[in-house]
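Open the model in your viewer and keep the selection tool at hand. The tour goes one selection at a time.

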Amino acid sequence: MVRIGTRGSLLATTQAETVRAAITAAGVRTELVVVTTAGDKSAAPVQEIGVGVFTAALREALADKTIDVAVHSYKDLPTAEDERFTIGAIPQREDARDALVARDGLVLGELPAGSTVGTSAPRRIAQLRALGLGLDVQPLRGNLDTRIGKVTRGELDAVVVARAGLARIDRLDVVTEALEPVQFLPAPAQGALAVECRSDDHDLASVLATLDDPAARASVTAERALLAELEAGCTAPVGAIAEVVESIDEDGRVFEELSLRGCAAAVDGSDVIRASAVGPVDDADGIGRRVARELLELGARDLVAVTEPSSSSTAASTQRPGGTEKGESIDA
């Protein structure tokens, strides 16, 4: 029996169920186990309760063998590697773009100056302010239904959330605009799942490897390498998107390359620095670090200096599916 650990929200359990179905299809018996994290118990902003707050408890449950697999939203994982664990699979990625959910079917450019837009992610705050639309950006936490409800009840004019999350819970009907990366870069690894197991569990790692999508792994590797090189955490105002694209050489032969775009932004919207690169797919880490170094040369260090306190307690409690939680990650 493989015990698959997840947070208790609808989004998290839906994500974990897709992984569970794939492992079950490989002929392995599975069970879903909900792990309550420190972030689920707190209503405080994520900047106050720390980086990794939504993943630490899952990892501790994995380490003490309460669970065998942890399913994370990859963008919530700290960039520092933990030798106890290995990312056994990065399944096919959902659309990484951010999505606007606005009243009256409005798109971002149609929102009047002074409109209230909810998000607590510094990356989104910075890019919204940088657009110069005069929007009033309001703090926002809660699961996706809670966030959407603030628009339908008229408490906010709009919210910005990850399109991938809405796709996974079958709520794309509420999206009024998918924000294109040329204007609004998503969080590094947004839309991707990290399926993690213990490093010494080689048999299970072999099973998980069948779920891995090479294009998703290359893209996420580049984006997270950029974040690591910037020494920025998951709440820093940094955006990145990588894609495997087709190119043509001088002899007309088609080959694949990895394209990466990244940005660092001032939270007050006063400055956005952008950089990009294209290179071999098998050099994903190097591409990410090269783009990060270019951003640093352009002054990104000052822009990403967001204070992030130490993570609060990582003690894990477990229960069967059906538990509740106070909110999704800061960048849900």
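Two strands count as paired if DSSP finds at least two bridges between them. The model on your screen is a predicted one.

**Stop 1: strands β5 and β8**

Select β5, residues 98-102, together with β8, residues 158-162. Five bridges join the two strands, which run antiparallel. Click on A99: the residue opposite it in β8 is V161. Move to A102, and the residue standing opposite in β8 is A158.

**Stop 2: the other partner of β5**

Keep β5 and add β9, residues 177-179. These two strands also run antiparallel, joined by three bridges. Which residue of β9 is the bridge partner of D98? That residue is L179.

**Stop 3: the surroundings of β5**

Now show the side chains of β5. Are its residues buried or exposed? Five of the five are buried, so the strand is largely enclosed by the rest of the structure. Buried here stands for a relative accessible area under 20%. Both faces of β5 are covered, with D98, L100 and A102 on one side and A99 and V101 on the other.

**Stop 4: the whole five-stranded sheet**

Extend the selection to all five strands of this open sheet, whose order is β7-β6-β8-β5-β9. The pairing is mixed. At the edges stand β7 (136-138) and β9; each has a single partner strand, so one side of each is left without a neighbour in the sheet. From one strand to the next, the twist averages 30°.

Next, add helix α4, residues 122-130. Helix α4 lies across β5, β6 (116-118), β7 and β8, and runs at about 130° to β8. Then add helix α5, residues 144-152, which packs on the sheet and touches β5 and β8. The direction of α5 makes about 155° with that of β8.

**Stop 5: the three-stranded sheet**

Clear the selection and pick β11, β12 and β13, which form an open sheet in that order with antiparallel pairing. Why is one side of β11 (238-248) and of β13 (272-279) left without a neighbour in the sheet? Both stand at the edges and each has a single partner strand, so no strand fills that side. Neighbouring strands here are turned by 15° against each other on average, direction ignored.

Look at β11 and β12 (residues 254-265): 11 bridges join them. Among the paired residues are V244 and its bridge partner in β12, L258.

**Stop 6: G262**

Stay in strand β12 and select G262. G262 is buried, with a relative accessible area of 2%. Leaving aside residues up to four places away in sequence, G262 touches several others, including L226, G239, I273 and V291. Next, find P186, which lies 76 residues from G262 along the chain. The C-alpha atoms of these two residues are separated by 9.2 Å.

**Stop 7: helices α8 and α9**

Select helix α8, residues 214-229, which lies across β11 and β12 at about 140° to β11. Add helix α9, residues 284-297. The axes of α8 and α9 come within 7 Å and cross at roughly 35°. The crossing is right-handed.

To see where the helices meet, show side chains on both. On the α8 side, the contact residues include A218, A222 and L226; on the α9 side, they include G288, V291 and L295. The residues of this contact divide into 10 nonpolar, two polar and four charged.

Definitions and conventions
Residues numbered from 1 in each chain as written. Predicted model: local features only at pLDDT ≥ 70, side-chain atom pairs only at ≥ 80, totals over all residues. Heavy atoms only, no water. Helix = DSSP H or I, 4+ residues; strand = E, 2+ residues; numbered from the N terminus. Axes fitted to C-alpha atoms, helices over the stretch in contact; angles between N-to-C directions. Contact = heavy atoms within 4.5 Å. Buried < 20%, exposed > 50% of the residue type's maximum accessible area, 1.4 Å probe, protein only. Left-handed = near helix turned anticlockwise from the far one by under 90°. Nonpolar A, V, L, I, M, F, W, Y, C, P; charged D, E, K, R; others polar.
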